[in-house]
Amino acid sequence: MIGCNLAYTRGVSSPEAPPPPADRPAEAPLAPDTLVVSAGRPARRHDAPVNPPIVVSSTFHGSGQVVDGDRAYGRYSNPSWDPFEEALAGLEGSELPGLLYASGLAAASAALSLVPHGGVLVIPRHAYQGVLVMAAELAAAGRFELRYVDVAETDQVIAALAGADLLWLESPTNPLLEIADLPTLVRAAKQLNPAALVIVDNTFATPLLQRPLEHGADVVLHSVTKYLAGHSDVILGALVTPDPGLRERLLHHRSIHGGIAGPFEAWLALRGLRTLAVRIERSQATAGLLAQRLSEHPAVRSVRYPGLAADPGHARAAAQMGGFGSVLGFEPVGGAAAADALVERLRLWTPATSLGGVESLIERRRRHANEPETVPEALLRLSVGIENAEDLWTDLRQSLANSQTR
Ligand SMILES: *Cc1c(COP(=O)(O)O)cnc(C)c1O
């Protein structure tokens, strides 16, 4: 096992962060932007590979009684998963390895299995669409009771927590970038019911910008597909929990329901993770610049980005995050038709769903029939990549300029 011990207090390049001390003790925990590079490496032995190998085997040698820790069969474990699971756990601040899944939604399905039958699930009105559909379908089938909340309205969430078994949080939310008060909500959930669980979908922030376990959350979820893998070439998900009992339940669920990762995908995710810190540093800086310029543009009605001083989530995000991330939203003047035309005129930005890759993507969210109607029709969601910032702005500006003349 590679050590997962780190204790940092802020993420990469936070504008508020003071410079790090010049002389840290040699035994100081590694910073997260080191850990993304160094975690999950094979032991240092002469001629050992620097990178972990991909293990392509559905079964593992063994005879006699199968005991704990035996690999046995490829649905229970695969050495190809271990390096990523260890690295992610270290980044999120868990002593226990994470759990990789076939997709973010496979991870969400496993996480929702933690709600007791007939229990109560509190969930944000705005959250990842697939999670909302899954929860609604399970509730309609009688699996549990569902209570929707506006996650930025702390009092409203707390009022909904009476008798709740699981609080699902996403912050910033998809696609409106609302910010939940993580420490207050976790504390309230535990005070009202010590057995209640809190799960945080940390996909948008990544552990470099936000670490929900430090606020007392029980489980962190990632769509590894997005920033962690980072290249729009793999679908994967992950859960991390520091609680041995919960991890055991989740591991059992994964082994029996079978939503496992392929060895090649796990390798791609680890390869992508190596550059997470530099990708975020770059894309986040560009997102801040674009948000500012968009907010000053006459053809733009409103911008949503927690890094803007005027954003309703700004103070909260500044308090609990190490940076504001690389997703932003804006509504052009002229409604949905103008938004669609604007997207059509873009030449560098790729019109496509998803986020967190090296290439910049743009999408009008309400083009999806399942998107909640409380999401504005004209809202464009931008996932800022790592291209040259001025090239990205020039493309947006030419498209916005044309929209004004119509
Ligand atoms: C994409 C996404 C998911 C679902 O992950 P998949 O890997 O697509 O299954 C869940 N939560 C958030 C916030 C996402 O962006």
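A residue counts as buried under 20% relative accessible area, as exposed over 50% and as partly exposed in between, with a 1.4 Å probe and protein chains only. The model is predicted, so that local features need pLDDT of at least 70 and side-chain atom pairs count only at pLDDT 80 or more, whereas totals for chains, interfaces and linings use all residues. Residues are numbered from 1 along each chain as its sequence is written, and side-chain values use heavy atoms, with hydrogens and water left out.

**Ligand surroundings**

- Among the residues that surround the ligand (a heavy atom within 4 Å) are S103, Y128, E170, D201, F204 and K226.
- Polar contacts (pairs of N or O atoms within 3.5 Å) join oxygen atoms of the ligand to a polar backbone atom of L105 at 2.9 Å, to a side-chain N or O atom of S223 at 2.9 Å and to a polar side-chain atom of T225 at 2.7 Å.
- The protein buries 94% of the 380 Å² that the ligand exposes when taken alone.

**Salt bridges**

- The whole structure holds 14 salt bridges (a side-chain nitrogen of Lys or Arg within 4 Å of a carboxyl oxygen of Asp or Glu).
- R71 and D82 form one of them, with N to O at 2.6 Å; because R71 lies in the loop between helix 1 (32–38) and helix 2 (82–92) and D82 in helix 2, the pair ties together parts that are 11 residues apart in sequence.
- E363, which is buried at 3% relative accessibility, pairs with R365 at 2.7 Å, and R365 also meets E371 at 3.1 Å.
- A network of salt bridges links E363, R365, R367, E371 and R381.

Notes
Polar contact = N/O pair within 3.5 Å; in protein donor to acceptor, adjacent residues only side chain to side chain. Areas by Shrake-Rupley, 256 points an atom, 1.4 Å probe, with all protein chains shown as cover. Helix = DSSP H or I, 4+ residues; strand = E, 2+ residues; numbered from the N terminus.
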